[in-house]
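Hi,

Here's the structure I said I'd pass on. Have a look at it first, and then read my notes underneath.

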Amino acid sequence: MLTRSFFLKILSGALIFGAWEYAGRTGVNYALPTFLESMKALFDMTMSGLIFEAYADTLRPLAVGVFISSFIGIGIGVWVGLSEKFDWLVSPIFIIMQAAPLAALIPLLIMAYGIGLTSKVFVVCIMAMPVIVLNTSVAVKNTPSSVKEMARSFLGTEKDVILKIIIPAASPVIFAGLRLGVSAGFIGAILAELKITPTGVGDIISYSRMTADYPSMYAAIFSIILLAVLFLNLLEKIENFFFKGNNQGYIS
Amino acid sequence: MSDQTTANAVSVKNIYKNYGETEALRDLSLDFPKGQLTSLLGPSGCGKTTLLKIIAGLLPATQGEVFVNGSLVTKPGPDRAFVFQDFALMPWASVLRNVAFGLELRGVNKNEREDIAAKYIKDVGLVGFENSFPHELSGGMRQRVGLARALSVDSPVLLMDEPFSAVDEQTRRKFQEDLLNLVKNENKTFIFVTHSIEEAVYVSDQIAILLPRPSRVSEIIKPKGFRNKDVDSIRKDSEYLDTVESIWKSLRTYVE
């Protein structure tokens, strides 16, 4: 039974891939393969096992970075939202992380941590954490005061108010932050592989570009986007599981 | 003192409340008899909600004392339950969880509190909506959830902060009638804040009129004759209409 949202996702995918196929065929650019050529390259990579080897490399910094950014990011965000002192101490770090160009920070990372897993995890965190921390802290600060007052009036302790009111009230914005942050984390994982040392999927992208194997290049890019989209859908399901009331539908 | 504890569920004595430079309440003393509904009536900004929150223990008084059933109170307690003007429901929780929330915070176990909540959901007329979410309910239904929540903790004192001002007129009239029945059937003390003169005269056993800042009690009115009439006849009763008019005349000077 197709739900409306699933149908719309399929439809929008079909429109974009159709446009891509058309653009490839009409020769917009010599370096743009058609959708079908890229899918064939992806199929070949899957059959030869190349794509799985590549992901084995890419997923390590990605998973570690996303995990750290989500859990520690939300934890720091809640603390920043609750404590003015902690906000003053910690916020500047994240503002710099957000604002400084990654390309400028990477040489510093390499000098400090080398060219291995640590630096790549750092890149993922630099891309993902600031928006998660910022969204969480803003949501916590802006908890509607009447619900907090209600909890106090019914004898809620401070701990009750934080766990049962502030965090659930902040959850829609926290999840929005997670969606933005985790997507940025995926970008960070690939950037790390393009800029630090080529491994995994980043290596496929840069090698195919150098050998003018454009279908493979687009296939690799497509695969990472597909993975990110699947992960975002998973996040949506997780949010609906824990906070069913958050899904209030559309305004109109 | 013992005389007061049996007759008055709540007593406030010489309450002062300042917000920085602004004096909101000045030397306000008032008694709330047990088992009755007392209204705090006055124009906007006259400190009625401030006084109610001080009684609830949500705001500290700058000076003065609040006694509930003879004991001095400074914080929220199990003896008082609050009904909020904007409902204060948790949008992420179902109606059942919202109603059971007061019990949840008191550590009552899940099955027990859900049974108690289900009973009060039935009493306020929301059967079938236990698993709905607040955004799926109308304003009147949301306030009934708030009322069920306050009733389910079984406090002897119920504090209501303009509970009907955020709903439409027809629902409001129905709520006023239901409130009269509630006061009759439940053995609780009600303290009711409103800015509607008709509402206050309709539902109250006793009306305390508060003047604008700095607030103190200007008059206490105890409507008598029509209290035992049935809900439909009260609004046509001549004593009701006269009381409303005379209150308006005395409040009018403060609004002009």
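Below is what I found, going from chain B as a whole to one of its helices and then to a glycine in chain A.

Keep in mind that this is a predicted model.

Chain B as a whole: there are 10 helices and 10 strands in it. Its C-alpha atoms fit a box of roughly 50 × 40 × 35 Å along the principal axes. A compact globule of 256 residues would have a radius of gyration near 18 Å, and chain B comes out at 18 Å, so the two agree. As for burial, 42% of the 256 residues of chain B count as buried. If you take the contacts in chain B between residues at least 6 apart in sequence, 69% of them join residues at least 24 apart.

Next, helix α2 of chain B, residues 48–56. Here 8 of the 9 residues are buried, so the helix is largely enclosed by the rest of the structure. Among the buried ones are B:Leu51, B:Leu52, B:Ile54 and B:Ile55, and B:Lys48 and B:Lys53 are on that list too. Right after α2(B) comes B:Gly57, which has a positive phi, near 90°.

Finally, A:Gly245, in the segment that follows α10 (214–242) of chain A. Is this glycine buried or exposed? A:Gly245 is buried, because 22 other C-beta atoms lie within 10 Å and 20 are enough to count. Leaving aside neighbours within four places in sequence, A:Gly245 contacts B:Pro91, B:Trp92, B:Ala93 and B:Phe133. From A:Ile10, A:Gly245 is 235 residues away in sequence and 26 Å away in space, C-alpha to C-alpha.

Cheers

Methods:
Residues numbered from 1 in each chain as written. Chains lettered and ligands numbered in written order. Predicted model: local features only at pLDDT ≥ 70, side-chain atom pairs only at ≥ 80, totals over all residues. Helix = DSSP H or I, 4+ residues; strand = E, 2+ residues; numbered from the N terminus. Rg over C-alpha atoms; globule rule 2.2 N^0.38 Å. Buried ≥ 20, exposed ≤ 12 C-beta atoms within 10 Å, placed from the backbone. Contact = placed C-beta atoms within 7 Å.
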